[in-house]
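Notebook open, structure loaded. I want to go through the surface first, then the packing, then the charges.

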Amino acid sequence: MTDPALRALPGLRPLIISRICSQLSATTMTIAIGWQIYALTHSVASLGYLGLAQFLPMVPLTFISGHVADRFNRRNIVLICQILEILSTGALAATAAMQVLTPALVYAFAACYGTLRSFEMPCQQAFLPAIAPPELLPRAQALLSSLFMTASIVGPSLGGLLYGLGAVTCYSLATLGFALAFFGTLALQLHHTVPAKEPVTFASVFAGLGFLNRRRDLLGAISLDLFAVLLGGATALLPVYADSVLHVGPIGLGFLRAAPAVGALVTSAWLSRHPLGRRTGVTMFISVVVFGVATIVFGASHITWISVLALMVLGAADVISVVVRSSLIQLATPDSMRGRVSAVNSLFIGSSNQLGEFESGTLGAAIGPEAAVIAGGVGTILVAIVWIRLFPKLWSLDRLEDVRPEIL
């Protein structure tokens, strides 16, 4: 953290510690339980069920968790979730040590973790605006994104390495990581204003959707990301490309998987020092178009270095869209609505990633992997063009620093 203005923010360091330790532990653990469930079942389908077990709880709990985040102390909610993560991951390590871990227990843990994340994520996403003033929030968001991306790169490799030392070692260190995340959150000093206890009604629970319908720029940003990732999910087919198209094997697959994250990491680090200036909306749409073009290039390429470069560009373009969307949501949403709006955003992100993999896989099986990836890239570009017409306010968005929350 070399930016003096960001270093001066007292709550940013513990927030970074909490988010990075949590992400490192989560990605490490996700790789480990994937290996574990496959070792227990020797079934490829079981890996899909594992992802489904983590995602399904988020669907019914999204609006409830958002409402909870807006009614109670968000820091305390995160602390409770992290305590439960420590206990559940510790239980996973204990059952693995006693050799009584079964597929059913692994699925149960995955569902438990998905449930905890559905409550934890909306609260965590609302922390940064309480720490960084509006003029510094885009830079702080870019810095947090770059470090988050670093954890996303290191975590899977660390999980594979640690699992080689034994499942118990892997789960134990993930438990330690969640404990460090807990202490980082505990060190956060946030001013908490007790919200008005509005009655729990159907309208209040789903108020996040009503707010997004009024703020068309926010709705456009969230839905643009949803459809862009849904259609442009080339990464789901990377094993097929590594094996049958580029013929680079498992080592090449590692380079292909790392390429988008490397591109995103470099770009987000740049944005933390050189924030976006004028015509931010235009920049966001251009980045989505570049994402689509890079997807098409990757889909058509049979040359490894071109494929890797295309994936790096894809990751770089994606993180620009992420930083704009995340900053816009936090700046334009009043604090009383941040939990519910962040919960909807989390559901959209989860849906785009999970359903994007499903769409790419089924379309790839129907028309072939290369045609599926190219079609997805073309679809992403078309979505960007249509969204310019549907959401002109998002297209005309100028400086993020000038965005202010709507008064309710």
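I started with the nonpolar patch and asked which element gives it the largest share. That is helix 16, with three residues. Helix 16 spans 304-332, and helix 15, spanning 280-300, also gives two or more residues to the patch. The full membership is Ile-286, Val-290, Ile-303, Trp-305, Leu-309 and Val-313, and together they make about 550 Å² of nonpolar surface. Worth writing down here: this is a predicted model, so I am reading computed values throughout.

I picked Leu-309 for a closer look. Leu-309 sits in helix 16. Buried, exposed or partly exposed? Its relative accessibility is 44%, so I log Leu-309 as partly exposed; the partly exposed class runs between 20% and 50%.

Next entry: helix 15 again, this time for its packing. I looked up how it sits against helix 12, which covers residues 216-231. The two axes come within 11 Å and cross at roughly 5°. Angles under 35 degrees count as roughly parallel, so helix 12 and helix 15 go down as roughly parallel to each other. Then I listed who makes the contact. Helix 12 brings Ala-221, Leu-224 and Ala-228, while helix 15 brings Met-284, Phe-285, Val-288 and Phe-291.

Phe-291 got its own line in my notes. It belongs to helix 15, and with 6% relative accessibility it counts as buried. I also checked its C-alpha distance to Ala-228: 8.3 Å, for two residues that are 63 apart along the chain. Both of them are on the contact list for the helix 12 and helix 15 pair.

Last stop, charges. Side chains of opposite charge can pair when their charged atoms come close. How many salt bridges does the rule give here? The count is one, taking a nitrogen-to-oxygen cut-off of 4 Å. The partners are Glu-120 and Arg-117, at 3.8 Å from N to O.

Where do the partners sit relative to each other? Both are in helix 6, residues 103-125, and they are three residues apart, so about one helical turn separates them.

I then looked up accessibility for the pair, with under 20% as the limit for buried. Glu-120 is at 0%, so it counts as buried. Arg-117 has a relative accessible area of 12%, which means it is buried too. My summary for this entry: the salt bridge joins Glu-120 and Arg-117, with Glu-120 buried and Arg-117 buried.

Technical notes
Residues are numbered from 1 along each chain as its sequence is written. This is a predicted model: local features need pLDDT of at least 70, side-chain atom pairs count only at pLDDT 80 or more; totals for chains, interfaces and linings use all residues. Side-chain values use heavy atoms; hydrogens and water are left out. Patches are made of residues with over 30% relative accessible area and no salt bridge: like charges are joined within 9 Å, nonpolar side chains (Val, Leu, Ile, Met, Phe, Trp, Tyr) within 5 Å. Accessible areas come from the Shrake-Rupley method with a 1.4 Å probe; for residues, only the protein chains shown count as cover. A salt bridge is a side-chain nitrogen of Lys or Arg within 4 Å of a carboxyl oxygen of Asp or Glu. Helices (H or I, at least four residues) and strands (E, at least two) are DSSP runs, numbered from the N terminus. Buried means under 20% relative accessible area, exposed over 50%, partly exposed in between (1.4 Å probe, protein chains only). Axes are lines fitted to C-alpha atoms, for helices over the stretch in contact, and angles run from 0 to 180 degrees between N-to-C directions. Angles under 35 degrees count as roughly parallel, over 145 as roughly antiparallel, 65 to 115 as roughly perpendicular and the rest as oblique. Contact means heavy atoms within 4.5 Å.
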